[in-house]
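Before you read these notes, please open the model and turn it slowly in your viewer. The points are meant to be checked against the picture one at a time.

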Amino acid sequence: MISNKQAICDTLLQLASEDRDILVLCSDSRGSASASGFAESLPGQFIELGIAEQNLVSVAAGLASGGMRPFVLAPAAFLSTRSMEQVKVDICYSGSNVKLIGVSGGVSYGPLGLTHHAVHDIAALGVLPGLRVYMPADAEASRSLTRRLAADSLPAYVRVGRSASPEVYPAGGADLSEDRALLTRPGNDVTVIACGDMVAPAAAASDALREQGVSCRVLDMFCIKPLDREAVRRAAAETSGIVTVEEHSSFLGLGSLVAQELAGMGVPLTRLGLPDAPVVTGGQQEVLDYYGLNAGGIARAAYELCRR
């Protein structure tokens with residue numbers, strides 16, 4: 001079991017070994033981004049900008065304008081705030097082929113508090129025109145997504161966590177080549193739509209609910225933008241209600257996008273996420289447990305929804 005960021009960097013190393021146009025740029029974050037191996041193996045395709053996220057993004061945009069294919073790796077908390085103007089102007093306005101990888105997202109840096117949390121990034125970057133937003137569930141999904149992004153020419157933001165992610169998909173079992181939600185668990189009673197590191201506990205919740213006689217569908221909505229609207233509407237038509245779960249603020253993230261899609265349909269919806277306040281201090285899992293963002297909390301929410 002490895003982290004999503006390690007899977008991304010390992011895949012980039014494989015691809016870049018055969019393609020000199022693929023570059024990796026960091027903001028004094030090669031260690032935290034798991035990019036040390038890439039830097040050591042391909043020093044000519046690795047650029048260290050130091051703690052200067054604005055320059056990091058602008059330099060990447062310039063390289064893209066020259067035909068290179070840069071991947072920017074930096075902590076999500078800083079990449080999505082300090083360099084937002086550069087992302088908006090240098091990448092989105094110009095349609096630059098830059099892939100932004102926000103590492104240690106959500107509450108990965110738990111004890112460091114609000115300054116290091118990235119529970120706003122989907123809301124902040126998701127509104128920028130033409131910028132796709134992704135949150136892969138595990139290492140296999142991250143590998144598939146990286147191969148896809150290395151082959152296309154559109155800008156994207158990918159948010160991953162810090163720690164190793166539980167396996168959701170077996171080798172070769174995750175195809176992220178299209179912006180379509182992945183059916184992680186089938187079910188007809190209630191649907192849980194999750195993204196990123198919340199997919200594994202959502203799957204575990206579905207397994208637990210099955211023991212209680214509840215058939216819980218789990219959709220891995222790795223494609224936050226563009227949202228798989230068809231999958232959302234199909235779940236609304238085929239199950240009794242929807243629960244969304246995300247390691248992000250409850251405002252303007254996955255839950256809000258699903259609610260927007262369901263507006264006027266009269267479909268019961270429960271949104272699980274983080275509050276509109278600085279979260280409690282603790283390790284990542286402690287924080288998630290406190291707010292019910294775990295298998296037990298998801299199972300309770302889904303059970304209560306389908307029993308209304």
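The notes below concern a predicted model, and they go from the sheet to two helices and then to some loop residues.

1. The sheet is a good place to begin: seven strands form it, it is open, and its order is 2-1-3-4-6-5-10, with mixed pairing. Its edges are strand 2 (46-48) and strand 10 (223-225), each of which pairs on one side only. On average, and with direction ignored, neighbouring strands of this sheet are turned by 20° against each other.

2. For a detailed look at one pairing, take strand 5 (residues 132-134) and strand 6 (residues 156-159), which run parallel and are joined by three bridges. If you select Val 133, you will find that its bridge partner in strand 6 is Tyr 157.

3. Which strands does helix 7 lie across? Helix 7 (residues 139-151) lies across strand 1 (22-26), strand 3 (69-75), strand 4 (99-103), strand 5 and strand 6, and it runs at about 160° to strand 5. Its 13 residues reach 19 Å from the first C-alpha to the last, which is close to the 18 Å expected at 1.5 Å a residue. At the start of this helix, a side-chain oxygen of Asp 138 comes to within 3.3 Å of the backbone nitrogen of Glu 140.

4. Helix 7 is largely enclosed by the rest of the structure, because 10 of its 13 residues are buried; among them are Leu 145, Leu 149 and also Glu 140 and Arg 148. The buried residues of helix 7 pack against helix 1 (4-16) as well as against strand 1, strand 3, strand 4, strand 5 and strand 6.

5. Helix 1 also has 13 residues, and it reaches 18 Å from its first C-alpha to its last, close to the 18 Å expected at 1.5 Å a residue. Its buried residues include Ile 8, Cys 9 and Leu 12, and the buried residues of this helix pack against strand 1, helix 2 (36-41), strand 3, strand 4, helix 7 and strand 6.

6. Three loop residues deserve a careful check of the backbone. The peptide bond from Lys 225 to Pro 226 is cis, with omega near 5°, and Pro 226 is in the loop between strand 10 and helix 9 (229-238). Asp 28, in the loop between strand 1 and helix 2, has a positive phi of about 55° although it is not a glycine, and Asp 28 is exposed, with a relative accessible area of 53%. Leu 252, in the loop between strand 11 (242-249) and helix 10 (254-262), has a positive phi near 65°, and Leu 252 is exposed, with a relative accessible area of 62%.

Notes:
Residues numbered from 1 in each chain as written. Predicted model: local features only at pLDDT ≥ 70, side-chain atom pairs only at ≥ 80, totals over all residues. Heavy atoms only, no water. Pairing = 2+ DSSP bridges. Helix = DSSP H or I, 4+ residues; strand = E, 2+ residues; numbered from the N terminus. Axes fitted to C-alpha atoms, helices over the stretch in contact; angles between N-to-C directions. Contact = heavy atoms within 4.5 Å. Expected span 1.5 Å × (residues − 1). Buried < 20%, exposed > 50% of the residue type's maximum accessible area, 1.4 Å probe, protein only. Polar contact = N/O pair within 3.5 Å; in protein donor to acceptor, adjacent residues only side chain to side chain.
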